Amino acid sequence: MIEVQQLYKRFGTVEAVKGVSFTARDGEVTGVLGPNGAGKTTSLRMITGLIKPDQGQVTVDGLDPVKQPIEVRRQLGVLPDARGLYRRLTARENLEYFGALQGLDAATIRRHADELIEQLGMETIAERHTEGFSNGQRVKVAIGRALIHHPQNVLLDEPTNGLDVMSIRALRRFIADLAAQGRAVILSTHVMQEVAALCQRIVIIGHGEVVADGSPDELIHMTQADSLEDAFVALAGGEGLAA
Amino acid sequence: MNFFKSLMWVVFRKEVKENLRDHRAVLSSLVMGAMVGPLVFAAMINFMIKQQNEWAEQELVIPVVGQERAPNLVDWLQRQGAKVEEAPADPEMAVQSRDLDLVLVIPDNYAEQWQQGQPAALELIVDRSRREANTTIARVQGLVLSWGQQVGSLRLRARGVNPLLTSPILVNARDVSTPESRGSSILAMWPYFLMLSVFVGGMYLAIDATAGERERQSMEPLLLNPIGASQVVNGKMLATACFGVLALVLTLLMFKVGVRFLPTEALGIRLNMGLDVLAHVLLIMLPVAALAAGLQTLVAAFSKGFREAQTYLSFLVFIPAVPSVWMAVAPIKPELWMMFVPLLNQSVQIHLISRGETIAMSWQLIAWVLTAIVAMVISQLARVCYQRPAIISH
């Protein structure tokens, strides 16, 4: 479970995040939505401990990323916006490197890597150097290495960005399974179908603040919109709330 | 804590593995670092030696203006094996334009002065800025002067005077140089080639592991693992230092092999490349590998991308050249204070070793410990630099 309470972060004169709070529960996919520059990435980086909040607190399974960054990262699997691979290592070696950095023993790494290669459908590319991989292949490897330690909490920043339809479908099933296994999943995305298909809970961030927080039905009901997309536009960009 | 289970070791292993798979990197670090230096060095020396020999053995050709005015001199020069030729119309021009090394001019009034028993003036047209002509000039000067002395002796004898009276003193230099110390002047640039190999050996890895990691956008995912940034940097610096040492060892072995092809005996020199000497040099250079790795990682961490890092680090390679070039151009007497200057102290020590001299243990300790401390400070700066949030920006 990830709890975010009253986060504030300022870069110079820009207040990137002002008072963001939300909770991502175990067994649920929590969608974090927001237009570009709304403060999503900054909020997610404060969860991982890469950026320290000016104010407020994050807890990941009760641990504080500022005080216990190492322990928190054992509980977290993160697919950040930056998802560069090591080109001269094979897909499997990329996974294994992160497994070793998570402190797993060789046998566990091998077992987990085999499982993830199967679950993500990477059998044919596992032993190839990642140089020249397609976008979809790269995302699979990046997700695989982020989850090599079977983290209880998963953060995915726009995982389906740039993928083809087949890959998107497979990836959605994979994400739904993660939640079904009892993990807390945070999904940052622009794609409304993804939110509708996957998320039990939606947090909309606009101008560094949480402008809405609820289930998809609640949001549609709240804005009296026809679809989730209309609800999002009304909440994040609409004249009434954006000011 | 078991070092081989530490996360630093995990990072180290991965960086080494990845770098070894990059053939361009291996080529540029090991071949460029280790092979080119000794080869250039050997080629340079061979060329130098050959040219010196050629100049010394070449038939001596002396273009002379006014041969008919001093037939005795010309005759004597010919008997000494020189070939006397008629000089061209514009002798100055011929020397300046490098057609001739020199021209001997016998002036109009030569015979007149000669007959009156006055010092008869001869003129040598030379260009002192042409180093390649110096040997010829020295040989001609020597021949003409010795002829003058002979004539002088004969004149004194003719007047019943012992010619030895005009030589009240005689100076003989006793050369105490050893074959090793004579060889050391040839090895003046040796410390630089060794430094260069350490810097070039680790350069590519340092760039790839830091600036490259940022540019490829794998730095953020890497730092999202439960590993302190300092362990990441330590692993990367250790890998960089290891490549530096590897390039250095290869360079030393190349020198060992290369020296065999040099005509050292003919030159009366000895270049001692025994394994004990090389091991000593390696020991002296170890802290330099740490220093170079720290410096390169620090600079690469500040660069925004691969190319920027490459530009900075290429300049960095010239830093160790400064003490070596200084020592080669203006030979200095080793002094204690030099041991307190990293890179200079290694250059001085290696210079002394190549002369076959022993270095005081206290000097060696000061140099080693001090360089190691500087390396530690710089690597600490690199660790601090990695903890800035900016390291994950791209």
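Here are some notes on the charged pairs, ring pairs and layout of this structure, which is a predicted model.

1. Start with the overall layout of chain B. The chain is split into domain 1, covering 3–50 + 180–392, and domain 2, covering 59–172. If you want a feel for how they sit, the C-alpha centres of domain 1 of chain B and domain 2 of chain B are 54 Å apart.

2. Next, have a look at helix 14 of chain B, residues 321–329. Its buried residues are Ala321(B), Pro323(B), Ser324(B) and Met327(B). What do they pack against? The buried residues of this helix pack against helix 8 (190–215) and helix 15 (344–354), both in chain B.

3. On to charges. Side chains of opposite charge can pair when their charged atoms come close. Over all chains, the count comes to 23 salt bridges. A good one to find in chain A is Lys40(A) with Glu158(A), where the closest N and O atoms are 3.6 Å apart. This pair links distant parts of the chain: Lys40(A) sits in helix 1 (residues 40–48), while Glu158(A) is in the loop between strand 6 (153–157) and helix 6 (165–180), 118 residues apart. Lys40(A) and Glu158(A) are both buried.

4. Another salt bridge to check is Asp22(B) with Arg88(A), at 3.3 Å between the closest N and O atoms. Why does this pair join two chains? Asp22(B) comes from the loop between helix 1 (7–21) and helix 2 (23–57) of chain B, and Arg88(A) from the loop between strand 5 (76–79) and helix 3 (91–101) of chain A, so the bridge runs from one chain to the other. Asp22(B) is buried, and so is Arg88(A).

5. For a contrast in setting, go to Arg355(B) and Glu357(B), whose side chains meet in a salt bridge at 2.7 Å, N to O. Buried or exposed? Arg355(B) has a relative accessible area of 30%, so it counts as partly exposed. Glu357(B) is partly exposed too, at 37% relative accessibility.

6. Some charges form a group. Lys14(B), Glu15(B), Glu18(B), Glu213(B) and Lys236(B) are linked in a network of salt bridges. Lys14(B) has a ring partner as well: its charged end sits over the ring of Tyr86(A), 3.6 Å from the ring centre.

7. Now the rings themselves: there are 10 aromatic pairs over all chains. Tyr86(A) and Tyr97(A) have ring centres 5.6 Å apart and planes at 75°, so they make an edge-to-face pair. Tyr86(A) lies in the loop between strand 5 and helix 3 of chain A and Tyr97(A) lies in helix 3, so the pair ties together parts that are 11 residues apart in sequence. Tyr86(A) is buried, with a relative accessible area of 0%, and Tyr97(A) is buried at 5%.

8. Tyr110(B) and Trp114(B) have ring centres 5.9 Å apart and planes at 25°, so this pair is stacked. They are four residues apart in helix 5 (residues 110–115) of chain B, which puts about one helical turn between them. Tyr110(B) is buried, with a relative accessible area of 3%, whereas Trp114(B) is partly exposed at 26%. Trp114(B) also has Arg155(B) over its face, at 4.7 Å from the ring centre.

9. One last thing to look up in chain B: Trp190(B), Tyr192(B), Phe193(B) and Phe255(B) are joined into a cluster by ring pairs.

Technical notes:
Residues are numbered from 1 along each chain as its sequence is written. Chains are lettered from A and ligands numbered from 1 in the order in which they are written. This is a predicted model: local features need pLDDT of at least 70, side-chain atom pairs count only at pLDDT 80 or more; totals for chains, interfaces and linings use all residues. Side-chain values use heavy atoms; hydrogens and water are left out. Buried means under 20% relative accessible area, exposed over 50%, partly exposed in between (1.4 Å probe, protein chains only). Helices (H or I, at least four residues) and strands (E, at least two) are DSSP runs, numbered from the N terminus. Contact means heavy atoms within 4.5 Å. Domain bounds come from an automatic or database domain assignment. A salt bridge is a side-chain nitrogen of Lys or Arg within 4 Å of a carboxyl oxygen of Asp or Glu. Rings of Phe, Tyr and Trp (its six-membered ring) pair if their centres lie within 6.5 Å; planes under 30 degrees apart count as stacked, over 60 as edge-to-face and the rest as tilted. A charge sits over a ring if NZ of Lys or CZ of Arg is within 6 Å of the ring centre and within 35 degrees of the ring normal.
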